[in-house]
Amino acid sequence: MAASASHLLQLTPTLTPHKLPLSTTRHVCCLPHVPSHLPTTLPYGYIYQIQTVNLAISGSSGSRVSIAEMEANGAATDPEKIRSQFLELLRTRRSAQVPLTVEPAKPVVKPLFQDVTPPTFSEEMESCPKANFENLKELLKEENIYIHTEAGDQGKLPLLILSMKENNQEKRPAVVFLHSTHKCKEWLRPLLEAYASRGYVAIGVDSRYHGERAGSLTTYKDALVSSWKNGDTMPFIFDTVWDMIKLADYLSQRVDIDPTKIGITGESLGGMHAWFAAFADTRYAVAAPIIGVQGFRWAVDNDKWQARVDSIKAVFEAARIGLGKEEIDKEVVEKVWDRIAPGLASQFDAPNTVPAIAPRPFLIVNGAEDPRCPLDGLEIPKTRACKAYEEAHCADKFKLVAQPGIGHKMTPLMVKEVSDWFDKFLK
């Protein structure tokens with residue numbers, strides 16, 4: 001299906017350029033020397049220049065920090081400050097740090113899907129544009145590896161990497177792909193093959209507690225409940241974002257990848273991972289999350305949280321029982337977010353983190369009727385992002401596309417939009 005303006009609701013307004021000075025982004029981290037060959041053991045990689053900051057999860061009255069409070073002290077409008085706060089938060093729940101080592105792995109024969117009924121490849125997965133090779137599978141090079149992002153079982157990050165077998169040593173653009181809830185990197189293979197055929201190095205990732213990082217059908221659910229009870233991990237979004245930072249360390253040092261041309265995308269949970277990874281790490285030069293970007297605070301304030309809660313209901317049920325409530329309500333939702341992903345519904349929510357990605361190209365693709373990512377909840381993030389990109393004189397590098405009549409579902413049209421976005425800004 002070809003992309004057509006008649007099928008899309010384009011939410012990027014026409015902006016009039018003006019003569020404000022070009023805003024620049026300073027990297028949060030310093031690029032180490034890139035070796036001429038890839039060793040088995042890599043250095044620690046980027047050294048994060050993190051200020052000593054208060055995470056300010058609580059406001060002056062002891063309650064959650066509001067957007068208004070953040071704007072009053074400048075945090076909401078300072079991308080570097082909020083990025084530093086987020087990186088500091090990630091470090092507070094890390095296990096022991098280890099060198100970024102690379103370990104060979106074997107192809108997964110029976111991927112673990114945590115759905116009761118394993119999914120089958122659907123139309124949207126097969127719809128991604130491919131180069132016209134009759135024997136594509138024979139021309140692809142497949143790598144299965146682990147990289148270690150921290151100590152412990154969940155610090156072992158499985159990767160499935162596909163690229164074209166080529167003799168030249170020219171560095172290529174790369175795109176990282178993240179799956180949706182209960183799936184795994186093997187689910188992404190049709191997308192990986194399509195991108196590899198077009199000259200990308202395509203990297204599929206198992207997010208935390210999924211795929212090879214899961215041991216049962218309830219691993220992810222159990223991790224969420226444990227996070228609520230113990231407060232020692234952040235399995236919803238944030239822990240995988242830490243892995244994406246470490247992944248950028250690895251990809252930046254590969255001899256076949258251009259470190260200035262690394263993109264990231266994902267579906268649903270993977271879209272959230274892509275969004276936050278692009279916010280946290282400026283080495284992700286282009287990002288295009290699919291059905292993942294949403295306003296968590298807006299959903300709570302406007303009683304639109306139910307669909308998102310239902311997607312990971314076990315942790316909210318555990319919280320309801322622990323809080324002595326008869327039903328899940330707004331208070332339960334707020335307390336869960338504060339516990340398992342501190343700041344998700346306040347300073348690290350979309351109104352602050354989406355504009356912080358400017359001036360790097362950022363595409364948001366959602367369904368116009370998506371109950372998990374309500375379109376109205378993106379009005380403020382969109383407005384702030386448009387302003388940030390306009391001030392950087394690159395209004396064309398931000399776009400929000402909502403497909404009419406579509407709920408929480410990735411479609412061929414969305415896949416085509418994302419594919420075109422990467423071809424435009426990474427090639």
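## Exercises on strands, helices and buried residues

Within strand β6, Leu162 is the bridge partner of Glu142. Let's start from that pair and work outwards. The model is predicted, so local features need pLDDT of at least 70 and side-chain atom pairs count only at pLDDT 80 or more, while totals for chains, interfaces and linings use all residues. Residues are numbered from 1 along each chain as its sequence is written, and side-chain values use heavy atoms, with hydrogens and water left out.

**Exercise 1. Find which strands pair with β6, and where Leu162 fits in.**

Step 1. Helices (H or I, at least four residues) and strands (E, at least two) are DSSP runs numbered from the N terminus. Strand β6 covers residues 156-164.

Step 2. Strands pair if DSSP finds at least two bridges between them. Strand β5 (residues 140-148) pairs with β6 in the antiparallel sense over 9 bridges. Strand β8 (residues 201-205) also pairs with β6 in the antiparallel sense, over 4 bridges.

Step 3. Leu162 is the partner of Glu142, and Leu162 also stands opposite Ala202 in β8.

Step 4. Now check the cover: 8 of the 9 residues of β6 are buried. Buried means under 20% relative accessible area, exposed over 50% and partly exposed in between, with a 1.4 Å probe and protein chains only.

**Exercise 2. Describe how α2 packs on α8.**

Step 1. Helix α2 (residues 79-92) meets helix α8 (residues 269-280) at about 115°, and their axes are 9 Å apart. The two helices are therefore roughly perpendicular. Axes are lines fitted to C-alpha atoms, for helices over the stretch in contact, with angles from 0 to 180 degrees between N-to-C directions. Angles under 35 degrees are roughly parallel, over 145 roughly antiparallel, 65 to 115 roughly perpendicular and the rest oblique.

Step 2. Contact means heavy atoms within 4.5 Å. From α2 come Ile82, Arg83, Phe86 and Leu87, and from α8 come Phe276, Phe279 and Ala280.

Step 3. Sorted by class, this contact has 6 nonpolar, no polar and 1 charged residues. Ala, Val, Leu, Ile, Met, Phe, Trp, Tyr, Cys and Pro count as nonpolar, Asp, Glu, Lys and Arg as charged, and the others, Gly among them, as polar.

**Exercise 3. Repeat the analysis for α6 and α12.**

Step 1. Helix α6 (residues 219-230) and helix α12 (residues 330-340) have axes 9 Å apart and an angle of about 90°, which makes α6 roughly perpendicular to α12.

Step 2. On α6 the contact uses Leu224, Ser227, Trp228, Lys229 and Asn230; on α12 it uses Lys335, Val336, Arg339 and Ile340.

Step 3. Those residues divide into 4 nonpolar, 2 polar and 3 charged.

**Exercise 4. Place Leu344 and Arg320 in the fold.**

Step 1. Leu344 sits in the loop between α12 and α13 (350-353), and Leu344 is buried, with a relative accessible area of 0%.

Step 2. Beyond four places in sequence, Leu344 contacts Phe236, Ile237, Phe238, Phe276, Phe296, Trp337 and Asp349. Leu344 and Phe238 are 106 residues apart in sequence, yet 9.3 Å apart from C-alpha to C-alpha.

Step 3. Arg320 belongs to helix α11 (residues 313-322) and is buried at 19% relative accessible area. Beyond four places in sequence, Arg320 contacts Lys325, Glu326, Glu327, Ile328 and Val332.

**Exercise 5. Judge the confidence of the model.**

Step 1. pLDDT is the predictor's confidence in each residue, from 0 to 100. The chain has a mean pLDDT of 85, with 81% of its residues at 70 or more.

Step 2. Over residues 1-63, pLDDT stays under 50.
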